[in-house]
Amino acid sequence: MGVLSLQSSLILLLQVVAAVSILSAAPLAGRRGLLAGGWQPIRDVNDPYINEIAGFAVNEYNKQSRASLKLEKVLSGESQVVAGTNYRLIIAAKDNGTTSRNYQAVVWDKPWMHFRQLTSFKPVTR
(Lines give C-alpha, C1' and ligand atoms only; values in the text may rest on other atoms or scores of the structure.)
Protein backbone atom coordinates (compact mmCIF):
# COMPACT_ATOMS: atom_id res chain seq x y z
CA MET A 1 0.00 0.00 0.00
CA GLY A 2 1.45 3.39 -0.99
CA VAL A 3 1.85 6.42 1.30
CA LEU A 4 -0.90 8.33 -0.51
CA SER A 5 -3.29 5.40 -0.19
CA LEU A 6 -2.49 5.04 3.54
CA GLN A 7 -3.10 8.75 4.12
CA SER A 8 -6.41 8.57 2.26
CA SER A 9 -7.47 5.57 4.34
CA LEU A 10 -6.59 7.33 7.60
CA ILE A 11 -8.49 10.48 6.59
CA LEU A 12 -11.53 8.40 5.66
CA LEU A 13 -11.32 6.51 8.97
CA LEU A 14 -11.16 9.76 10.94
CA GLN A 15 -14.17 11.13 9.06
CA VAL A 16 -16.17 7.99 9.82
CA VAL A 17 -15.23 8.12 13.53
CA ALA A 18 -16.22 11.80 13.71
CA ALA A 19 -19.56 11.16 11.99
CA VAL A 20 -20.38 8.22 14.27
CA SER A 21 -19.51 10.29 17.35
CA ILE A 22 -21.76 13.15 16.29
CA LEU A 23 -24.66 10.90 15.32
CA SER A 24 -24.49 8.86 18.51
CA ALA A 25 -24.39 11.98 20.71
CA ALA A 26 -27.41 13.64 19.08
CA PRO A 27 -30.08 11.41 20.68
CA LEU A 28 -28.48 11.87 24.10
CA ALA A 29 -28.49 15.64 23.77
CA GLY A 30 -32.17 15.59 22.83
CA ARG A 31 -33.10 13.48 25.84
CA ARG A 32 -31.28 15.75 28.24
CA GLY A 33 -32.70 18.90 26.64
CA LEU A 34 -29.28 20.24 25.64
CA LEU A 35 -30.34 21.67 22.32
CA ALA A 36 -27.91 24.45 21.48
CA GLY A 37 -29.75 27.72 21.02
CA GLY A 38 -33.03 26.42 22.45
CA TRP A 39 -34.67 27.84 25.57
CA GLN A 40 -34.48 25.51 28.58
CA PRO A 41 -36.45 25.91 31.83
CA ILE A 42 -34.52 27.06 34.87
CA ARG A 43 -35.09 24.40 37.50
CA ASP A 44 -34.28 26.46 40.60
CA VAL A 45 -35.42 30.07 40.34
CA ASN A 46 -34.28 30.58 43.93
CA ASP A 47 -30.65 29.99 42.93
CA PRO A 48 -28.57 32.96 44.11
CA TYR A 49 -27.09 33.49 40.63
CA ILE A 50 -30.56 33.67 39.06
CA ASN A 51 -31.59 36.20 41.70
CA GLU A 52 -28.43 38.19 40.95
CA ILE A 53 -29.44 38.27 37.25
CA ALA A 54 -32.97 39.39 38.21
CA GLY A 55 -31.62 42.11 40.51
CA PHE A 56 -29.37 43.33 37.71
CA ALA A 57 -32.37 43.46 35.35
CA VAL A 58 -34.41 45.58 37.76
CA ASN A 59 -31.49 47.92 38.52
CA GLU A 60 -30.71 48.42 34.82
CA TYR A 61 -34.38 49.04 34.04
CA ASN A 62 -34.52 51.60 36.85
CA LYS A 63 -31.44 53.40 35.47
CA GLN A 64 -32.72 53.44 31.91
CA SER A 65 -36.29 54.48 32.67
CA ARG A 66 -35.81 56.42 35.91
CA ALA A 67 -38.21 54.04 37.63
CA SER A 68 -37.93 52.78 41.19
CA LEU A 69 -38.93 49.14 41.00
CA LYS A 70 -37.95 46.79 43.80
CA LEU A 71 -37.46 43.12 43.03
CA GLU A 72 -39.71 40.84 45.06
CA LYS A 73 -38.95 37.43 43.58
CA VAL A 74 -38.27 35.41 40.46
CA LEU A 75 -41.40 33.50 39.45
CA SER A 76 -40.05 31.45 36.55
CA GLY A 77 -37.36 31.52 33.93
CA GLU A 78 -35.60 30.01 30.98
CA SER A 79 -32.04 30.09 29.76
CA GLN A 80 -30.58 29.92 26.27
CA VAL A 81 -26.96 29.16 25.43
CA VAL A 82 -25.67 31.64 22.86
CA ALA A 83 -22.32 33.47 22.90
CA GLY A 84 -22.87 33.43 26.64
CA THR A 85 -26.28 32.83 28.17
CA ASN A 86 -29.59 34.61 27.72
CA TYR A 87 -31.85 34.52 30.76
CA ARG A 88 -35.57 35.16 30.22
CA LEU A 89 -37.10 35.65 33.64
CA ILE A 90 -40.60 36.38 34.85
CA ILE A 91 -40.21 38.48 37.98
CA ALA A 92 -42.49 40.16 40.48
CA ALA A 93 -41.60 43.74 41.40
CA LYS A 94 -43.17 46.68 43.20
CA ASP A 95 -42.96 50.37 42.40
CA ASN A 96 -42.92 52.57 45.53
CA GLY A 97 -45.09 50.27 47.61
CA THR A 98 -47.76 49.76 44.97
CA THR A 99 -49.17 46.34 44.31
CA SER A 100 -46.83 43.85 42.76
CA ARG A 101 -46.67 43.49 38.97
CA ASN A 102 -45.07 40.83 36.84
CA TYR A 103 -42.39 41.65 34.28
CA GLN A 104 -40.44 39.69 31.70
CA ALA A 105 -36.74 40.53 31.70
CA VAL A 106 -34.15 39.22 29.25
CA VAL A 107 -30.50 39.49 30.27
CA TRP A 108 -27.48 38.48 28.19
CA ASP A 109 -24.68 37.27 30.44
CA LYS A 110 -21.03 36.42 29.68
CA PRO A 111 -19.44 36.00 33.13
CA TRP A 112 -15.96 35.16 31.81
CA MET A 113 -15.89 38.62 30.17
CA HIS A 114 -17.60 40.40 33.10
CA PHE A 115 -20.34 41.37 30.64
CA ARG A 116 -24.03 41.61 31.39
CA GLN A 117 -26.68 43.44 29.35
CA LEU A 118 -30.41 43.99 29.79
CA THR A 119 -31.92 43.34 26.36
CA SER A 120 -35.61 43.52 27.23
CA PHE A 121 -37.81 44.48 30.16
CA LYS A 122 -41.59 44.67 29.80
CA PRO A 123 -44.75 44.15 31.82
CA VAL A 124 -46.38 40.77 31.44
CA THR A 125 -49.90 41.13 30.12
CA ARG A 126 -52.43 38.61 31.31
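Begin by selecting D47, the residue that caps the N-terminal end of helix 2. One of the side-chain oxygens of D47 lies 2.7 Å from the backbone nitrogen of Y49. Please bear in mind throughout this tour that the model is predicted.

**Along helix 2**

Next, select residues 48-65, the 18 residues that form helix 2. How far apart are the end C-alpha atoms of this helix? They are 26 Å apart, which agrees with the 26 Å that 18 residues should span at 1.5 Å a residue.

Now colour the buried residues of helix 2: I50, I53, A54, G55, F56, A57, V58, E60 and N62. An α-helix has 3.6 residues a turn, so residues three or four places apart point the same way. With the buried residues still highlighted, display what surrounds them. Which strands do they pack against? Their partners are strand 2 (69-82), strand 3 (84-95), strand 4 (101-110) and strand 5 (115-123). Turn the view until the helix and these strands can be seen together: helix 2 lies across strand 2, strand 3, strand 4 and strand 5, and runs at about 70 degrees to strand 5.

**The sheet**

Hide the helix and show the strands alone. They form an open sheet of 5 strands in the order 1-2-3-4-5, with antiparallel pairing. Strand 1 (39-41) and strand 5 stand at the edges; each has a single partner strand, so one side of each is left without a neighbour in the sheet. Looking across the sheet, one finds a twist that averages 30 degrees from one strand to the next.

Zoom in on the edge formed by strand 1. Strand 1 runs antiparallel to strand 2, and 3 bridges join the two. For one pairing, select Q40, whose bridge partner in strand 2 is S79.

**Two loop residues**

Return to the end of helix 2 and select R66, which comes just after the helix. R66 sits in the loop between helix 2 and strand 2. Its phi is positive, at about 60 degrees, although R66 is not a glycine. Is R66 buried or exposed? R66 is exposed, with a relative accessible area of 80%.

Finally, move to the loop between strand 4 and strand 5 and select H114. Here too the residue is other than glycine, and the phi of H114 has a positive value near 55 degrees. A surface display shows the setting of this residue: H114 is exposed, with a relative accessible area of 78%.

How values were computed
Residues are numbered from 1 along each chain as its sequence is written. Side-chain values use heavy atoms; hydrogens and water are left out. Helices (H or I, at least four residues) and strands (E, at least two) are DSSP runs, numbered from the N terminus. The expected span of a helix is 1.5 Å times one less than its number of residues. Buried means under 20% relative accessible area, exposed over 50%, partly exposed in between (1.4 Å probe, protein chains only). Contact means heavy atoms within 4.5 Å. A polar contact is a pair of N or O atoms within 3.5 Å; within protein, one must be able to donate a hydrogen and the other to accept it, and residues adjacent in sequence count only if both atoms are side-chain atoms. Two strands pair if DSSP finds at least two bridges between them. Axes are lines fitted to C-alpha atoms, for helices over the stretch in contact, and angles run from 0 to 180 degrees between N-to-C directions.
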